[in-house]
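Student: I should like to learn how terms such as "buried" and "salt bridge" are justified. May we work through an example together?

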Amino acid sequence: MEPAADPERPQHLPDEVDVLIVGAGPAGLAAFAQLAQFPGISTRLIERRAGRLEIGQADGLQARSIESFQAFGFAQRVIEESYRIYSMAFWRPDPERPTEIVRTRLVPDDPSGISEFPHLILNQARVLDYFAEFAFNSPARAVPDYGVEFVGLEVTGDAVLVTVRQNDQERVIRAKYVLGCDGARSQVREAIGRKLVGQAAMHAWGVMDVLANTDFPDFRTKCAIQSHDGRNILLIPREGGYLTRFYVDLGEVPKDDAGSVRRTPLVSIVEQANRILHPYRIEVQDVPWWSVYEVGHRLTDKFHDADESPKVFITGDACHTHSAKAGQGMNVSIQDGWNIAWKLGHVLDGRARPELLETYSAERQVVAQNLIAFDKEWSALMAMPADQMPDPAHLEDFYVKTFEFPAGFMTQYQPSMLTAQPTHQHLATGFPIGKRFKSALVHRVSDTTPVHLGHHARADGRWRIYVFADNGEKAHGLAAELTVQEAWFDLKIIYQQPFAEVQIQKVPAVFRPKQGRLQVTDWERIYATGDGHDIFAERGISRDGAIVVVRPDQYVANVLPLTAGDELTSFFAGIQV
(Lines give C-alpha, C1' and ligand atoms only; values in the text may rest on other atoms or scores of the structure.)
Protein backbone atom coordinates (compact mmCIF):
# COMPACT_ATOMS: atom_id res chain seq x y z
CA MET A 1 0.00 0.00 0.00
CA GLU A 2 3.06 2.24 0.05
CA PRO A 3 2.50 5.00 -2.54
CA ALA A 4 4.77 5.36 -5.53
CA ALA A 5 7.07 8.34 -5.81
CA ASP A 6 5.83 11.47 -7.53
CA PRO A 7 8.04 12.12 -10.58
CA GLU A 8 7.71 15.89 -10.03
CA ARG A 9 8.84 15.74 -6.39
CA PRO A 10 12.59 16.03 -5.62
CA GLN A 11 13.86 12.54 -4.82
CA HIS A 12 16.58 13.83 -2.52
CA LEU A 13 16.04 15.85 0.61
CA PRO A 14 16.36 19.53 -0.23
CA ASP A 15 18.78 21.78 1.62
CA GLU A 16 15.91 23.86 3.00
CA VAL A 17 12.37 22.94 4.10
CA ASP A 18 9.61 24.66 5.99
CA VAL A 19 8.84 21.69 8.25
CA LEU A 20 10.98 18.63 8.93
CA ILE A 21 9.19 15.78 10.70
CA VAL A 22 11.35 13.17 12.43
CA GLY A 23 9.67 9.78 12.83
CA ALA A 24 6.97 7.98 10.84
CA GLY A 25 4.81 6.84 13.76
CA PRO A 26 1.17 7.83 14.38
CA ALA A 27 1.96 11.45 15.38
CA GLY A 28 4.45 11.95 12.58
CA LEU A 29 2.27 10.61 9.81
CA ALA A 30 -0.85 12.38 11.10
CA ALA A 31 1.07 15.67 11.03
CA PHE A 32 2.54 14.83 7.63
CA ALA A 33 -0.91 14.06 6.21
CA GLN A 34 -2.36 17.33 7.50
CA LEU A 35 0.54 19.45 6.23
CA ALA A 36 0.25 17.78 2.83
CA GLN A 37 -2.98 19.77 2.45
CA PHE A 38 -0.83 22.93 2.27
CA PRO A 39 0.96 22.61 -1.10
CA GLY A 40 2.74 25.94 -0.66
CA ILE A 41 4.54 24.62 2.41
CA SER A 42 7.61 22.42 1.97
CA THR A 43 7.26 19.47 4.37
CA ARG A 44 9.45 16.37 4.54
CA LEU A 45 9.23 13.39 6.89
CA ILE A 46 12.36 11.37 7.65
CA GLU A 47 12.35 7.87 9.13
CA ARG A 48 15.41 5.76 9.89
CA ARG A 49 13.62 2.52 8.95
CA ALA A 50 14.25 1.39 5.41
CA GLY A 51 10.53 1.33 4.61
CA ARG A 52 7.00 1.34 5.97
CA LEU A 53 6.20 -0.27 9.31
CA GLU A 54 5.00 -3.83 8.76
CA ILE A 55 3.90 -4.91 12.25
CA GLY A 56 2.84 -2.31 14.78
CA GLN A 57 2.73 -2.70 18.54
CA ALA A 58 -0.29 -0.44 19.11
CA ASP A 59 -3.68 -1.66 17.96
CA GLY A 60 -6.53 0.04 19.88
CA LEU A 61 -8.46 2.72 18.00
CA GLN A 62 -10.83 4.74 20.13
CA ALA A 63 -13.97 6.37 18.72
CA ARG A 64 -12.32 9.80 18.76
CA SER A 65 -9.66 8.49 16.39
CA ILE A 66 -12.30 7.10 14.03
CA GLU A 67 -13.96 10.53 14.02
CA SER A 68 -10.59 11.95 13.04
CA PHE A 69 -10.15 9.33 10.31
CA GLN A 70 -13.49 10.50 8.89
CA ALA A 71 -11.92 13.91 8.37
CA PHE A 72 -8.96 12.27 6.60
CA GLY A 73 -11.32 10.25 4.43
CA PHE A 74 -10.59 6.67 5.48
CA ALA A 75 -12.85 5.96 8.50
CA GLN A 76 -15.12 3.50 6.68
CA ARG A 77 -12.20 1.55 5.25
CA VAL A 78 -10.69 1.21 8.72
CA ILE A 79 -14.05 0.10 10.16
CA GLU A 80 -14.41 -2.59 7.50
CA GLU A 81 -10.91 -3.93 8.12
CA SER A 82 -10.90 -3.85 11.92
CA TYR A 83 -12.16 -5.95 14.79
CA ARG A 84 -14.99 -4.10 16.54
CA ILE A 85 -15.17 -4.08 20.34
CA TYR A 86 -18.87 -4.14 21.15
CA SER A 87 -18.77 -5.55 24.69
CA MET A 88 -16.30 -6.13 27.52
CA ALA A 89 -16.41 -9.17 29.81
CA PHE A 90 -15.16 -9.15 33.39
CA TRP A 91 -13.89 -12.34 35.04
CA ARG A 92 -13.06 -12.78 38.72
CA PRO A 93 -12.34 -15.66 41.13
CA ASP A 94 -15.36 -17.84 41.80
CA PRO A 95 -16.41 -17.16 45.43
CA GLU A 96 -17.10 -20.88 45.90
CA ARG A 97 -13.93 -22.07 44.13
CA PRO A 98 -11.42 -19.18 44.44
CA THR A 99 -8.74 -20.85 42.29
CA GLU A 100 -11.13 -20.79 39.32
CA ILE A 101 -12.39 -17.76 37.41
CA VAL A 102 -16.00 -17.02 36.42
CA ARG A 103 -17.56 -14.33 34.30
CA THR A 104 -19.23 -11.75 36.53
CA ARG A 105 -20.36 -9.11 34.05
CA LEU A 106 -20.69 -8.31 30.34
CA VAL A 107 -20.99 -4.58 29.68
CA PRO A 108 -21.45 -2.56 26.49
CA ASP A 109 -18.19 -1.02 25.28
CA ASP A 110 -19.95 2.31 24.74
CA PRO A 111 -22.62 2.37 27.47
CA SER A 112 -23.58 5.99 26.79
CA GLY A 113 -23.71 6.03 22.97
CA ILE A 114 -21.17 8.83 23.00
CA SER A 115 -20.23 8.51 19.33
CA GLU A 116 -21.65 7.15 16.11
CA PHE A 117 -18.24 5.58 15.56
CA PRO A 118 -17.08 2.32 17.16
CA HIS A 119 -14.08 1.23 19.24
CA LEU A 120 -11.83 -0.83 16.96
CA ILE A 121 -8.72 -2.99 16.93
CA LEU A 122 -6.35 -2.71 13.97
CA ASN A 123 -2.62 -3.12 13.48
CA GLN A 124 -0.91 0.25 13.80
CA ALA A 125 0.94 -0.36 10.54
CA ARG A 126 -2.35 -0.25 8.62
CA VAL A 127 -3.30 3.09 10.19
CA LEU A 128 0.07 4.51 9.13
CA ASP A 129 -0.55 3.22 5.62
CA TYR A 130 -3.82 5.11 5.42
CA PHE A 131 -2.23 8.37 6.57
CA ALA A 132 0.59 7.89 4.04
CA GLU A 133 -1.93 7.30 1.28
CA PHE A 134 -3.84 10.45 2.24
CA ALA A 135 -0.60 12.48 2.20
CA PHE A 136 0.30 11.17 -1.25
CA ASN A 137 -3.17 11.96 -2.63
CA SER A 138 -3.12 15.48 -1.13
CA PRO A 139 -2.14 18.61 -3.08
CA ALA A 140 1.50 18.32 -1.95
CA ARG A 141 1.78 14.68 -3.22
CA ALA A 142 3.90 13.97 -0.14
CA VAL A 143 5.90 10.77 0.40
CA PRO A 144 8.02 9.91 3.49
CA ASP A 145 11.81 9.72 3.17
CA TYR A 146 12.84 6.34 4.57
CA GLY A 147 16.38 5.34 5.47
CA VAL A 148 17.24 8.79 6.81
CA GLU A 149 18.47 9.06 10.41
CA PHE A 150 18.29 12.11 12.65
CA VAL A 151 21.70 12.93 14.15
CA GLY A 152 21.26 16.29 15.88
CA LEU A 153 20.04 19.86 15.60
CA GLU A 154 20.98 23.43 16.40
CA VAL A 155 18.40 26.18 16.84
CA THR A 156 19.59 29.46 15.30
CA GLY A 157 17.93 32.85 15.22
CA ASP A 158 15.61 32.14 12.32
CA ALA A 159 15.89 28.41 11.60
CA VAL A 160 16.78 24.96 12.85
CA LEU A 161 19.90 23.32 11.41
CA VAL A 162 19.28 19.57 11.39
CA THR A 163 22.04 17.04 10.81
CA VAL A 164 20.85 13.81 9.19
CA ARG A 165 22.59 10.66 8.02
CA GLN A 166 21.68 8.85 4.80
CA ASN A 167 23.72 6.14 3.11
CA ASP A 168 26.46 6.66 5.73
CA GLN A 169 26.80 10.30 4.75
CA GLU A 170 25.88 13.24 6.96
CA ARG A 171 24.45 16.54 5.78
CA VAL A 172 22.66 19.56 7.24
CA ILE A 173 19.10 20.59 6.37
CA ARG A 174 17.82 24.04 7.22
CA ALA A 175 14.23 23.96 8.52
CA LYS A 176 11.93 26.66 9.79
CA TYR A 177 10.30 24.16 12.16
CA VAL A 178 11.02 20.62 13.35
CA LEU A 179 8.59 18.04 14.74
CA GLY A 180 10.10 15.31 16.91
CA CYS A 181 7.81 12.30 16.52
CA ASP A 182 10.55 9.78 17.24
CA GLY A 183 9.26 7.86 20.24
CA ALA A 184 10.07 7.42 23.91
CA ARG A 185 13.83 7.48 23.27
CA SER A 186 13.47 10.66 21.23
CA GLN A 187 16.73 12.15 20.03
CA VAL A 188 14.90 15.36 19.14
CA ARG A 189 13.74 15.68 22.75
CA GLU A 190 17.30 15.20 23.98
CA ALA A 191 18.60 17.74 21.46
CA ILE A 192 16.37 20.50 22.88
CA GLY A 193 17.15 19.59 26.48
CA ARG A 194 13.72 18.30 27.49
CA LYS A 195 13.53 15.27 29.78
CA LEU A 196 10.85 12.72 30.58
CA VAL A 197 10.20 12.97 34.31
CA GLY A 198 7.95 10.84 36.45
CA GLN A 199 7.33 7.56 38.17
CA ALA A 200 9.76 4.70 37.64
CA ALA A 201 8.37 1.46 36.23
CA MET A 202 7.38 -0.88 39.06
CA HIS A 203 5.13 -3.41 37.32
CA ALA A 204 5.83 -5.65 34.33
CA TRP A 205 3.54 -7.09 31.69
CA GLY A 206 4.09 -9.63 28.95
CA VAL A 207 2.21 -8.90 25.76
CA MET A 208 1.75 -11.42 22.98
CA ASP A 209 -0.32 -11.83 19.83
CA VAL A 210 -1.27 -15.50 19.62
CA LEU A 211 -2.98 -18.01 17.40
CA ALA A 212 -4.27 -20.54 19.89
CA ASN A 213 -6.81 -23.23 20.69
CA THR A 214 -8.69 -22.76 23.93
CA ASP A 215 -11.76 -23.71 25.92
CA PHE A 216 -12.04 -20.18 27.35
CA PRO A 217 -15.53 -19.08 26.17
CA ASP A 218 -14.81 -15.33 25.81
CA PHE A 219 -11.69 -15.76 23.69
CA ARG A 220 -13.18 -13.45 21.01
CA THR A 221 -14.49 -10.83 23.45
CA LYS A 222 -12.45 -8.12 25.14
CA CYS A 223 -11.89 -9.25 28.74
CA ALA A 224 -10.45 -8.05 32.03
CA ILE A 225 -9.53 -11.19 33.98
CA GLN A 226 -8.54 -11.19 37.66
CA SER A 227 -7.17 -14.36 39.22
CA HIS A 228 -7.09 -15.58 42.80
CA ASP A 229 -3.37 -14.89 43.24
CA GLY A 230 -3.59 -11.25 42.19
CA ARG A 231 -2.32 -11.65 38.64
CA ASN A 232 -4.39 -10.37 35.72
CA ILE A 233 -4.94 -10.57 31.98
CA LEU A 234 -6.29 -7.99 29.59
CA LEU A 235 -7.45 -9.96 26.54
CA ILE A 236 -8.13 -8.16 23.26
CA PRO A 237 -9.18 -9.99 20.07
CA ARG A 238 -7.46 -8.81 16.92
CA GLU A 239 -8.75 -8.26 13.41
CA GLY A 240 -9.09 -11.21 11.03
CA GLY A 241 -11.03 -13.57 13.29
CA TYR A 242 -8.20 -15.67 14.75
CA LEU A 243 -5.46 -13.55 16.33
CA THR A 244 -5.81 -12.48 19.98
CA ARG A 245 -3.64 -10.20 22.10
CA PHE A 246 -2.85 -11.02 25.73
CA TYR A 247 -1.52 -8.53 28.25
CA VAL A 248 -0.27 -10.85 31.00
CA ASP A 249 0.56 -9.56 34.48
CA LEU A 250 4.16 -10.48 35.41
CA GLY A 251 4.03 -8.81 38.83
CA GLU A 252 6.03 -6.19 40.69
CA VAL A 253 9.51 -5.34 39.45
CA PRO A 254 12.22 -5.28 42.17
CA LYS A 255 14.16 -2.03 42.42
CA ASP A 256 17.40 -3.89 41.68
CA ASP A 257 15.93 -5.68 38.64
CA ALA A 258 18.09 -3.66 36.20
CA GLY A 259 15.87 -4.63 33.28
CA SER A 260 16.14 -8.41 33.72
CA VAL A 261 12.35 -8.78 33.64
CA ARG A 262 12.49 -7.79 29.97
CA ARG A 263 14.30 -11.06 29.31
CA THR A 264 11.33 -13.11 30.53
CA PRO A 265 10.96 -15.97 28.00
CA LEU A 266 7.79 -16.42 25.98
CA VAL A 267 7.12 -19.82 27.53
CA SER A 268 6.92 -18.19 30.98
CA ILE A 269 4.34 -15.68 29.74
CA VAL A 270 2.21 -18.48 28.31
CA GLU A 271 2.47 -20.45 31.57
CA GLN A 272 1.45 -17.38 33.56
CA ALA A 273 -1.54 -16.84 31.26
CA ASN A 274 -2.69 -20.42 31.86
CA ARG A 275 -2.40 -20.02 35.64
CA ILE A 276 -4.60 -16.92 35.50
CA LEU A 277 -7.16 -18.57 33.18
CA HIS A 278 -7.66 -21.67 35.36
CA PRO A 279 -9.79 -23.81 34.95
CA TYR A 280 -9.52 -22.87 31.26
CA ARG A 281 -6.41 -23.26 29.12
CA ILE A 282 -4.88 -21.91 25.95
CA GLU A 283 -2.72 -24.02 23.67
CA VAL A 284 -0.60 -21.54 21.73
CA GLN A 285 0.01 -22.56 18.12
CA ASP A 286 1.92 -19.49 16.91
CA VAL A 287 3.08 -16.10 18.26
CA PRO A 288 3.61 -13.53 15.46
CA TRP A 289 4.77 -10.89 17.95
CA TRP A 290 5.48 -10.57 21.66
CA SER A 291 7.32 -8.32 24.12
CA VAL A 292 7.78 -7.52 27.79
CA TYR A 293 7.44 -3.99 29.09
CA GLU A 294 7.37 -2.14 32.39
CA VAL A 295 4.70 0.41 33.20
CA GLY A 296 6.24 3.86 33.52
CA HIS A 297 4.43 7.20 33.69
CA ARG A 298 6.55 10.10 32.51
CA LEU A 299 5.98 13.55 31.07
CA THR A 300 8.12 16.44 29.80
CA ASP A 301 7.62 19.89 31.27
CA LYS A 302 7.06 21.47 27.84
CA PHE A 303 6.37 20.05 24.40
CA HIS A 304 8.58 22.55 22.57
CA ASP A 305 12.04 24.10 22.78
CA ALA A 306 11.31 27.66 23.96
CA ASP A 307 8.57 29.54 25.77
CA GLU A 308 8.50 32.21 23.07
CA SER A 309 8.76 31.68 19.32
CA PRO A 310 9.27 27.89 19.55
CA LYS A 311 10.75 26.16 16.52
CA VAL A 312 11.05 22.54 17.67
CA PHE A 313 8.08 20.52 18.91
CA ILE A 314 7.80 16.99 20.31
CA THR A 315 4.78 14.71 20.11
CA GLY A 316 3.47 11.34 21.27
CA ASP A 317 5.81 9.06 23.21
CA ALA A 318 8.57 11.64 22.86
CA CYS A 319 6.81 13.76 25.49
CA HIS A 320 4.53 11.37 27.44
CA THR A 321 4.75 7.66 28.27
CA HIS A 322 2.27 5.36 29.99
CA SER A 323 1.02 1.79 29.87
CA ALA A 324 -0.66 0.26 26.83
CA LYS A 325 -3.68 -1.06 28.70
CA ALA A 326 -5.77 2.09 28.46
CA GLY A 327 -5.37 1.91 24.67
CA GLN A 328 -4.32 5.54 24.39
CA GLY A 329 -0.80 5.59 22.93
CA MET A 330 -1.59 5.71 19.23
CA ASN A 331 -4.82 7.66 19.76
CA VAL A 332 -3.33 10.52 21.77
CA SER A 333 -0.30 10.67 19.47
CA ILE A 334 -2.55 11.16 16.43
CA GLN A 335 -4.24 14.11 18.15
CA ASP A 336 -0.83 15.57 19.08
CA GLY A 337 0.29 15.44 15.46
CA TRP A 338 -2.93 16.89 14.10
CA ASN A 339 -2.96 19.69 16.67
CA ILE A 340 0.48 21.06 15.84
CA ALA A 341 0.26 20.40 12.10
CA TRP A 342 -2.72 22.59 11.23
CA LYS A 343 -1.28 25.37 13.39
CA LEU A 344 2.04 25.20 11.55
CA GLY A 345 0.13 25.25 8.27
CA HIS A 346 -1.75 28.41 9.22
CA VAL A 347 1.36 30.22 10.45
CA LEU A 348 3.54 29.26 7.49
CA ASP A 349 1.00 30.22 4.82
CA GLY A 350 0.41 33.58 6.47
CA ARG A 351 -3.06 33.05 7.92
CA ALA A 352 -2.22 33.11 11.62
CA ARG A 353 0.05 34.82 14.10
CA PRO A 354 3.17 32.89 15.19
CA GLU A 355 1.84 32.99 18.77
CA LEU A 356 -0.63 30.31 17.66
CA LEU A 357 2.16 27.73 17.91
CA GLU A 358 2.57 28.36 21.63
CA THR A 359 -0.91 26.92 22.21
CA TYR A 360 0.29 23.44 21.19
CA SER A 361 2.19 22.66 24.39
CA ALA A 362 -0.38 24.46 26.55
CA GLU A 363 -3.20 22.34 25.14
CA ARG A 364 -1.59 18.95 24.71
CA GLN A 365 0.41 18.81 27.93
CA VAL A 366 -2.80 19.00 29.98
CA VAL A 367 -4.21 16.14 27.93
CA ALA A 368 -1.09 14.08 28.64
CA GLN A 369 -1.26 14.85 32.37
CA ASN A 370 -4.88 13.70 32.50
CA LEU A 371 -4.02 10.58 30.53
CA ILE A 372 -1.22 9.63 32.90
CA ALA A 373 -3.46 10.19 35.94
CA PHE A 374 -6.15 7.97 34.41
CA ASP A 375 -3.67 5.31 33.33
CA LYS A 376 -2.13 5.14 36.80
CA GLU A 377 -5.54 4.39 38.29
CA TRP A 378 -6.55 1.92 35.58
CA SER A 379 -3.18 0.13 35.67
CA ALA A 380 -3.31 -0.08 39.48
CA LEU A 381 -6.81 -1.56 39.35
CA MET A 382 -5.78 -4.07 36.68
CA ALA A 383 -2.87 -5.18 38.89
CA MET A 384 -4.87 -5.26 42.14
CA PRO A 385 -5.82 -8.66 43.61
CA ALA A 386 -9.57 -9.21 43.59
CA ASP A 387 -9.71 -9.57 47.37
CA GLN A 388 -8.20 -6.09 47.78
CA MET A 389 -10.85 -4.30 45.69
CA PRO A 390 -13.13 -1.89 47.63
CA ASP A 391 -16.00 -4.04 46.41
CA PRO A 392 -16.22 -7.00 44.00
CA ALA A 393 -17.60 -4.92 41.10
CA HIS A 394 -15.18 -1.99 41.52
CA LEU A 395 -13.21 -2.64 38.31
CA GLU A 396 -16.36 -3.02 36.20
CA ASP A 397 -17.94 0.08 37.70
CA PHE A 398 -14.78 2.11 37.10
CA TYR A 399 -14.72 1.02 33.44
CA VAL A 400 -18.34 2.08 32.86
CA LYS A 401 -18.09 5.31 34.87
CA THR A 402 -14.94 6.55 33.13
CA PHE A 403 -15.74 5.37 29.60
CA GLU A 404 -15.70 8.88 28.14
CA PHE A 405 -12.01 9.28 28.94
CA PRO A 406 -10.53 6.23 27.17
CA ALA A 407 -12.94 6.83 24.27
CA GLY A 408 -11.06 10.09 23.73
CA PHE A 409 -13.82 12.57 24.57
CA MET A 410 -12.78 14.08 27.89
CA THR A 411 -10.37 16.55 26.28
CA GLN A 412 -11.58 20.10 26.83
CA TYR A 413 -9.22 22.91 25.88
CA GLN A 414 -9.21 25.88 28.23
CA PRO A 415 -9.81 29.52 27.16
CA SER A 416 -7.02 30.90 24.99
CA MET A 417 -6.60 32.77 21.73
CA LEU A 418 -8.17 29.67 20.12
CA THR A 419 -10.88 28.87 22.64
CA ALA A 420 -13.40 31.48 23.74
CA GLN A 421 -14.85 31.99 27.18
CA PRO A 422 -18.21 30.18 27.56
CA THR A 423 -20.15 33.45 27.68
CA HIS A 424 -22.83 32.21 25.29
CA GLN A 425 -22.56 28.48 26.00
CA HIS A 426 -26.27 28.37 26.94
CA LEU A 427 -27.11 28.83 23.26
CA ALA A 428 -25.66 25.42 22.37
CA THR A 429 -25.18 23.33 25.51
CA GLY A 430 -24.50 20.16 23.52
CA PHE A 431 -21.43 21.72 21.92
CA PRO A 432 -19.23 22.53 24.95
CA ILE A 433 -16.56 25.06 24.05
CA GLY A 434 -13.16 23.38 24.04
CA LYS A 435 -14.52 19.87 23.44
CA ARG A 436 -14.76 18.05 20.13
CA PHE A 437 -17.74 18.84 17.90
CA LYS A 438 -20.21 15.99 18.48
CA SER A 439 -21.92 15.31 15.18
CA ALA A 440 -25.66 14.72 14.72
CA LEU A 441 -27.95 13.87 11.85
CA VAL A 442 -29.44 16.65 9.74
CA HIS A 443 -31.15 16.70 6.34
CA ARG A 444 -29.45 18.27 3.36
CA VAL A 445 -32.17 20.50 1.95
CA SER A 446 -31.19 20.24 -1.72
CA ASP A 447 -31.85 16.49 -1.94
CA THR A 448 -33.48 15.82 1.52
CA THR A 449 -30.81 13.20 2.36
CA PRO A 450 -30.07 12.61 6.07
CA VAL A 451 -26.35 13.09 6.75
CA HIS A 452 -24.11 13.55 9.75
CA LEU A 453 -23.24 17.23 9.89
CA GLY A 454 -19.75 16.61 11.29
CA HIS A 455 -18.86 14.12 8.55
CA HIS A 456 -18.52 16.90 6.00
CA ALA A 457 -15.63 18.44 7.92
CA ARG A 458 -12.43 17.36 6.18
CA ALA A 459 -8.83 17.68 7.34
CA ASP A 460 -8.28 20.48 4.84
CA GLY A 461 -7.04 23.07 7.35
CA ARG A 462 -10.26 25.12 7.26
CA TRP A 463 -12.30 26.46 10.15
CA ARG A 464 -15.99 25.53 10.29
CA ILE A 465 -18.72 28.09 10.96
CA TYR A 466 -22.11 26.48 11.58
CA VAL A 467 -25.05 28.88 11.63
CA PHE A 468 -28.01 27.32 13.44
CA ALA A 469 -30.87 29.46 12.18
CA ASP A 470 -34.36 30.46 13.24
CA ASN A 471 -35.37 30.93 9.60
CA GLY A 472 -36.01 34.59 10.28
CA GLU A 473 -34.48 38.02 10.11
CA LYS A 474 -31.63 37.26 12.53
CA ALA A 475 -30.09 34.68 10.21
CA HIS A 476 -30.54 36.88 7.18
CA GLY A 477 -29.06 39.84 9.03
CA LEU A 478 -26.00 37.80 9.99
CA ALA A 479 -25.60 36.62 6.40
CA ALA A 480 -25.32 40.21 5.25
CA GLU A 481 -22.32 40.64 7.58
CA LEU A 482 -20.53 37.43 6.63
CA THR A 483 -17.65 37.70 4.20
CA VAL A 484 -15.52 34.56 4.32
CA GLN A 485 -12.55 33.31 2.36
CA GLU A 486 -13.50 29.96 0.91
CA ALA A 487 -9.94 28.65 1.30
CA TRP A 488 -9.98 29.41 5.03
CA PHE A 489 -13.58 28.83 6.13
CA ASP A 490 -16.32 26.27 5.56
CA LEU A 491 -19.67 27.99 6.15
CA LYS A 492 -22.96 26.08 6.59
CA ILE A 493 -26.48 26.91 7.74
CA ILE A 494 -28.83 24.57 9.60
CA TYR A 495 -32.51 25.52 9.91
CA GLN A 496 -34.66 24.35 12.80
CA GLN A 497 -37.64 23.93 10.47
CA PRO A 498 -38.24 20.59 8.69
CA PHE A 499 -36.41 20.39 5.38
CA ALA A 500 -39.65 20.47 3.36
CA GLU A 501 -40.43 23.93 4.73
CA VAL A 502 -37.14 25.55 3.75
CA GLN A 503 -37.36 27.49 0.49
CA ILE A 504 -33.86 27.13 -0.85
CA GLN A 505 -34.15 30.06 -3.25
CA LYS A 506 -34.71 32.38 -0.27
CA VAL A 507 -31.63 31.22 1.63
CA PRO A 508 -28.99 34.00 1.65
CA ALA A 509 -26.54 33.73 -1.21
CA VAL A 510 -23.52 33.38 1.12
CA PHE A 511 -24.79 29.86 1.88
CA ARG A 512 -25.14 29.11 -1.85
CA PRO A 513 -21.68 30.14 -3.08
CA LYS A 514 -20.50 29.94 -6.66
CA GLN A 515 -17.55 27.60 -7.04
CA GLY A 516 -14.72 26.98 -9.47
CA ARG A 517 -13.85 28.36 -12.86
CA LEU A 518 -17.40 27.87 -14.14
CA GLN A 519 -18.97 29.43 -11.03
CA VAL A 520 -21.53 26.70 -10.42
CA THR A 521 -23.64 26.73 -7.27
CA ASP A 522 -22.65 24.65 -4.25
CA TRP A 523 -25.98 23.29 -2.98
CA GLU A 524 -24.55 21.34 -0.05
CA ARG A 525 -24.27 24.13 2.53
CA ILE A 526 -27.95 24.22 3.57
CA TYR A 527 -29.41 21.80 6.12
CA ALA A 528 -32.54 21.40 8.23
CA THR A 529 -34.33 19.05 10.61
CA GLY A 530 -36.84 16.34 9.73
CA ASP A 531 -37.89 12.68 9.94
CA GLY A 532 -37.15 12.51 13.66
CA HIS A 533 -33.76 14.21 13.34
CA ASP A 534 -33.73 17.45 15.36
CA ILE A 535 -30.19 18.59 16.02
CA PHE A 536 -31.54 21.60 17.94
CA ALA A 537 -33.16 19.36 20.55
CA GLU A 538 -30.36 16.77 20.53
CA ARG A 539 -27.56 19.30 21.07
CA GLY A 540 -29.38 21.84 23.22
CA ILE A 541 -29.36 24.61 20.60
CA SER A 542 -31.50 27.65 21.31
CA ARG A 543 -34.54 28.13 19.10
CA ASP A 544 -33.34 31.73 18.72
CA GLY A 545 -30.35 30.32 16.84
CA ALA A 546 -26.61 30.20 17.41
CA ILE A 547 -23.23 30.34 15.69
CA VAL A 548 -20.89 27.45 16.47
CA VAL A 549 -17.25 27.91 15.45
CA VAL A 550 -15.16 24.75 15.07
CA ARG A 551 -11.40 24.48 14.69
CA PRO A 552 -9.69 22.60 11.83
CA ASP A 553 -9.11 19.67 14.24
CA GLN A 554 -12.83 19.39 15.13
CA TYR A 555 -12.81 21.14 18.53
CA VAL A 556 -15.45 23.77 19.32
CA ALA A 557 -13.81 27.19 19.58
CA ASN A 558 -16.75 29.51 20.20
CA VAL A 559 -20.53 29.76 20.55
CA LEU A 560 -22.20 33.06 19.70
CA PRO A 561 -25.70 34.48 19.13
CA LEU A 562 -26.82 35.21 15.59
CA THR A 563 -26.54 38.93 16.31
CA ALA A 564 -22.81 38.71 17.16
CA GLY A 565 -21.26 39.31 13.76
CA ASP A 566 -18.82 41.84 15.21
CA GLU A 567 -17.86 39.45 18.02
CA LEU A 568 -17.21 36.71 15.45
CA THR A 569 -14.94 39.03 13.50
CA SER A 570 -13.13 40.03 16.68
CA PHE A 571 -12.54 36.40 17.65
CA PHE A 572 -10.75 35.63 14.39
CA ALA A 573 -8.87 38.94 14.49
CA GLY A 574 -7.10 37.62 17.59
CA ILE A 575 -5.81 34.62 15.64
CA GLN A 576 -5.27 35.75 12.08
CA VAL A 577 -2.62 38.04 10.70
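Tutor: Let us begin with a cysteine, bearing in mind that the model is predicted. C223 has a relative accessible area of 0%.

Student: Why is C223 called buried?

Tutor: Buried means a relative accessible area under 20%. The value for C223 is 0%, so this residue is buried.

Student: What about C181: is this residue buried or exposed?

Tutor: C181 has a relative accessible area of 8%. That value is under 20%, so C181 is buried.

Student: How do you know that C181 is in no disulfide?

Tutor: The structure holds zero disulfides. For C181, the nearest cysteine sulfur belongs to C319 and is 8.9 Å away. A disulfide requires two cysteine sulfur atoms within 2.5 Å, so C181 and C319 do not form one.

Student: What makes D145 and R44 a salt bridge?

Tutor: Their closest N and O atoms are 2.9 Å apart. The cut-off is 4 Å between a side-chain nitrogen of Lys or Arg and a carboxyl oxygen of Asp or Glu, so the pair qualifies. By this rule the count comes to 37 salt bridges.

Student: Why is the pair of D145 and R44 said to tie together parts that are apart in sequence?

Tutor: D145 lies in strand β8 (residues 145–146) and R44 in strand β2 (residues 43–47), so the salt bridge ties together parts that are 101 residues apart in sequence. D145 is buried, at 8% relative accessible area, and R44 is buried as well, at 5%.

Student: How do you know that R245 and D59 form a salt bridge?

Tutor: The N to O distance between their side chains is 3.5 Å. This lies within 4 Å, so the pair meets the rule. R245 belongs to strand β16 (residues 244–252) and D59 to the loop between β2 and β3 (60–61), so parts that are 186 residues apart in sequence are tied together. R245 counts as buried at 0% relative accessibility, and D59 counts as buried at 5%.

Student: What makes β22 and β29 edge strands?

Tutor: Seven strands form an open sheet with mixed pairing, in the order β22-β21-β27-β24-β23-β28-β29. Both β22 (450–452) and β29 (556–560) have a single partner strand, so one side of each is left without a neighbour in the sheet.

Student: Why are β21 and β27 called a pair?

Tutor: Pairing requires at least two bridges, and two bridges join β21 (residues 441–444) to β27 (residues 526–529), so they pair. These two strands run antiparallel, and H443 stands opposite A528 in β27.

Note on methods: Residues numbered from 1 in each chain as written. Predicted model: local features only at pLDDT ≥ 70, side-chain atom pairs only at ≥ 80, totals over all residues. Heavy atoms only, no water. Helix = DSSP H or I, 4+ residues; strand = E, 2+ residues; numbered from the N terminus. Buried < 20%, exposed > 50% of the residue type's maximum accessible area, 1.4 Å probe, protein only.
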